[in-house]
Amino acid sequence: SEAKALFSVTGMTCSACAGSVEKAVKRLPGIKEAVVDVLNNRALVMFYPSFVNAETIRETIEDVGFQATLVE
Ligand code: 9UX
């Protein structure tokens, strides 16, 4: 089954920032979809919990250079 995580991501100031976050998250194993909304500072990720978890996704976003917190 799949799970969904919504993150608040601060520091993204242009659409290329959002693209970098999407690309990094999608490189992780077990990601079904990642959509990053630069205007609302949100990243929505659908994933398979057998392969990856929300904390790993959050750390991946931070590795790109943005602060990320799990919203729900
Ligand atoms: Mo846009 Mo984001 O020029 O780090 S890519 S601000």
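This is a dialogue about a predicted model and the terms used to describe it.

Biologist: Why is Ala68 called buried?

Modeller: The cut-off for buried is 20 or more other C-beta atoms within 10 Å. Ala68 has 22 such atoms within 10 Å, so Ala68 is buried. Ala68 belongs to strand β4.

Biologist: Which residues is Ala68 in contact with, leaving aside neighbours within four places in sequence?

Modeller: Phe7, Ser8, Val9, Arg58, Ile61 and Glu62. As for Arg58, its C-alpha is 5.9 Å from that of Ala68, although the two are ten residues apart in sequence.

Biologist: Why does Asn41 count as partly exposed?

Modeller: Buried starts at 20 C-beta neighbours and exposed ends at 12, with partly exposed in between. Asn41 has 18 inside 10 Å, so Asn41 falls in the middle class.

Biologist: What makes the phi of Asn41 worth a remark?

Modeller: Most residues other than glycine have a negative phi. Asn41 is not glycine, and its phi is positive, near 55 degrees. Asn41 sits in the loop between β2 and β3, and the hairpin of these strands has four residues between them.

Biologist: How do you know that β2 and β3 pair?

Modeller: Pairing needs at least two bridges. β2 and β3 have six, in the antiparallel sense, so by that cut-off they pair. One of the partnerships joins Ile31 to Phe47 in β3.

Biologist: What is the bridge count for β1 and β3?

Modeller: Six bridges, again antiparallel. Phe7 has Ala43 of β3 as its bridge partner, and Lys4 stands opposite Met46 in β3.

Biologist: What is the strand order, and is the sheet open or closed?

Modeller: The sheet is open, with four strands in the order β2-β3-β1-β4 and antiparallel pairing. β2 and β4 (67-70) are called edge strands because each has a single partner, which leaves one side of each without a neighbour in the sheet. From one strand to the next the twist averages 25 degrees.

Biologist: Where do the helices lie on this sheet?

Modeller: α1 lies across β1, β2 and β3 and runs at about 165 degrees to β2. α2 also packs on the sheet, where it touches β1, β3 and β4, and its direction makes about 160 degrees with that of β4.

Biologist: Which residues of β3 are on its covered face, and which on the uncovered one?

Modeller: Ala43, Val45 and Phe47 form the covered face, while Arg42, Leu44 and Met46 form the uncovered one.

Biologist: What makes a group of residues the largest nonpolar core here?

Modeller: Its members must be buried nonpolar residues joined through C-beta atoms within 7 Å. The largest such set has 16 residues, and Val9, Val21, Ala43, Val45 and Ile61 have the most contacts inside it. At least two core residues come from each of β1 (3-10), α1 (15-26), β2 (31-37), β3 (42-47) and α2 (54-64). In soluble globular proteins, nonpolar side chains tend to be buried together.

Biologist: What does Val21 touch, not counting residues up to four places away in sequence?

Modeller: Val21 touches Val9, Met12, Val36, Ala43, Ile61, Val64 and Phe66.

Biologist: How do you know that the shell around the ligand has three nonpolar residues?

Modeller: The shell residues are Thr13, Cys14, Ala16 and Cys17. Ala and Cys count as nonpolar, whereas Thr falls among the polar residues. That gives three nonpolar, one polar and no charged residues around the ligand.

Definitions and conventions
Residues numbered from 1 in each chain as written. Predicted model: local features only at pLDDT ≥ 70, side-chain atom pairs only at ≥ 80, totals over all residues. Near = placed C-beta within 6 Å. Contact = placed C-beta atoms within 7 Å. Axes fitted to C-alpha atoms, helices over the stretch in contact; angles between N-to-C directions.
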